[in-house]
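Good morning, colleagues. Please look at the sequence and the structure on the screen, and I shall then take you through selected features.

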Amino acid sequence: MIFSASYRTDIPAFHSDWFNRRLDAGYCTVKNPYSGKVGRVSLEESAVDGFVFWTRRLGPFSATLERLAIRGTPFLIQFTVTGYPRSLESAVMNWRRAVGEIQDAASRFGPRVVVWRYDPVFISNQTPAAFHVDRMGQLAEMLAGATDEVVLSFAHIYRKSRRNIESAALRHGFTWSDPANDAKRSLLRALADIAGERGIRATLCSQPDLLTPGLSPARCIDAARLSDVAGRPIKAPEKGNRPGCACAESRDIGAYDTCPHGCVYCYAVSSRRIAKRRIGALNPAAEGLHSAGEDEPA
């Protein structure tokens, strides 16, 4: 099984101690966010085909990656770098430092290990289309050679993300919009062209209606890429987690509301306040991240 760690939270940035303890124990527990059922998942070496880590800050996880490399467990890193203003990403590491972490990871583990994510693309008066074109150019220039893929997508405006966006807009005095699909396609095409000029292939995550020339569907849980990293075939059927998702089958071991990066558009956090409290309540020896502040109301 391929394990996703995690599109529900940032395990490398905030939960490295917990993750290492679970590797030692050989298992973890995961709570289904819909049914509430808790299941036990084996993390024994024989049960793990590989890990896909999702993060915005890799530094606290550096020793863990070395540990996995030594034991021969392949991994991929989905590393998000956008460089948005603090009004949108209140506690995210500086984007230039993030670029340095990607470059370091590529030098240690190879450029096929790291996939850069410039997503979600969020439109506001602080981040209009011209902002994204300029920032994509800067980042692609710096990341050329350290990664061969950038994943794009436009922000999905869910109910809780809309609430957080509107609260932040009122607090910081910005305006925002969810553009029409034609405008989205035009900007995505421009971003894909910029990345392609630097040798970075652009893919689009779970938005087939926005596909445009120069973009192909993203496979964030990518068995073929993981096979390249492992040096052996890793087979997993395509089994996306939502319509339009082309990912390979995986098991996510994270929990919602346990990432305090403070990204206002995030689908995985009800509020940064709740995320901070839940992290504070988490015992690193807990079997699952879902045990962090379970009884706190949203």
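**A hairpin, a sheet, its cores and some unusual residues**

I begin with one pair of residues: Val30 is positioned opposite Gly39 in strand S3. Before going further, I should say that this is a predicted model, in which local features need pLDDT of at least 70 and side-chain atom pairs count only at pLDDT 80 or more, while totals for chains, interfaces and linings use all residues. Residues are numbered from 1 along each chain as its sequence is written, and side-chain values use heavy atoms, with hydrogens and water left out.

Strands here are DSSP runs of E with at least two residues, and helices are runs of H or I with at least four, both numbered from the N terminus. Strand S2 (residues 27-31) and strand S3 (residues 38-42) run antiparallel and are joined by 5 bridges; two strands count as paired if DSSP finds at least two bridges between them. Together S2 and S3 form a hairpin with 6 residues between them, and Gly36 in the turn has a positive phi of about 80°. Is S2 enclosed by the rest of the structure, or left open? It is largely enclosed, because 4 of its 5 residues are buried. Buried means under 20% relative accessible area, exposed means over 50%, and partly exposed lies in between, using a 1.4 Å probe and protein chains only.

I turn now to the sheet. It is open, has 8 strands with parallel pairing, and follows the order S11-S10-S8-S6-S5-S4-S1-S12. S11 and S12 stand at the edges with a single partner strand each, so one side of each has no neighbour in the sheet. At the S11 edge, S10 and S11 run parallel and are joined by 2 bridges, with Leu204 opposite Pro217 in S11. Helix H4 lies across strand S5 (75-80) and S6, and runs at about 165° to S5. Such angles run from 0 to 180 degrees between N-to-C directions, with axes fitted as lines to C-alpha atoms, for helices over the stretch in contact.

Next, the interior. A nonpolar core is a set of buried Ala, Val, Leu, Ile, Met, Phe, Trp, Tyr and Cys residues joined through side-chain atoms within 4.5 Å. The largest has 77 residues, and those with the most contacts inside it are Phe19, Phe51, Trp116, Tyr118, Met136 and Leu152. Helix H4 (residues 95-109) gives the most to this core, with 7 residues. Another core, of 16 residues, lies apart from it and includes Val52, Leu76, Cys245 and Ala248.

Finally, the backbone. Most residues other than glycine have a negative phi, and most peptide bonds are trans. Which residues are joined by a cis peptide bond with omega of about -5°? They are Ala5 and Ser6, and Ser6 lies in the loop between strand S1 (2-5) and helix H1 (11-14). The bond from Asp119 to Pro120 is also cis, with omega near 0°, and Pro120 lies in strand S6 (residues 114-121).

Positive phi values are found at Ser206, near 55°, and at Asp257, near 60°. Ser206 is in the loop between strand S10 (201-204) and strand S11 (216-217), and counts as buried at 8% relative accessibility. Asp257 belongs to the loop between strand S12 (250-252) and helix H9 (272-281), and counts as buried at 7%. Ser271 lies in the loop between S12 and H9. Leaving aside neighbours within four places in sequence, Ser271 is in contact (heavy atoms within 4.5 Å) with Asn164 and Asp257.
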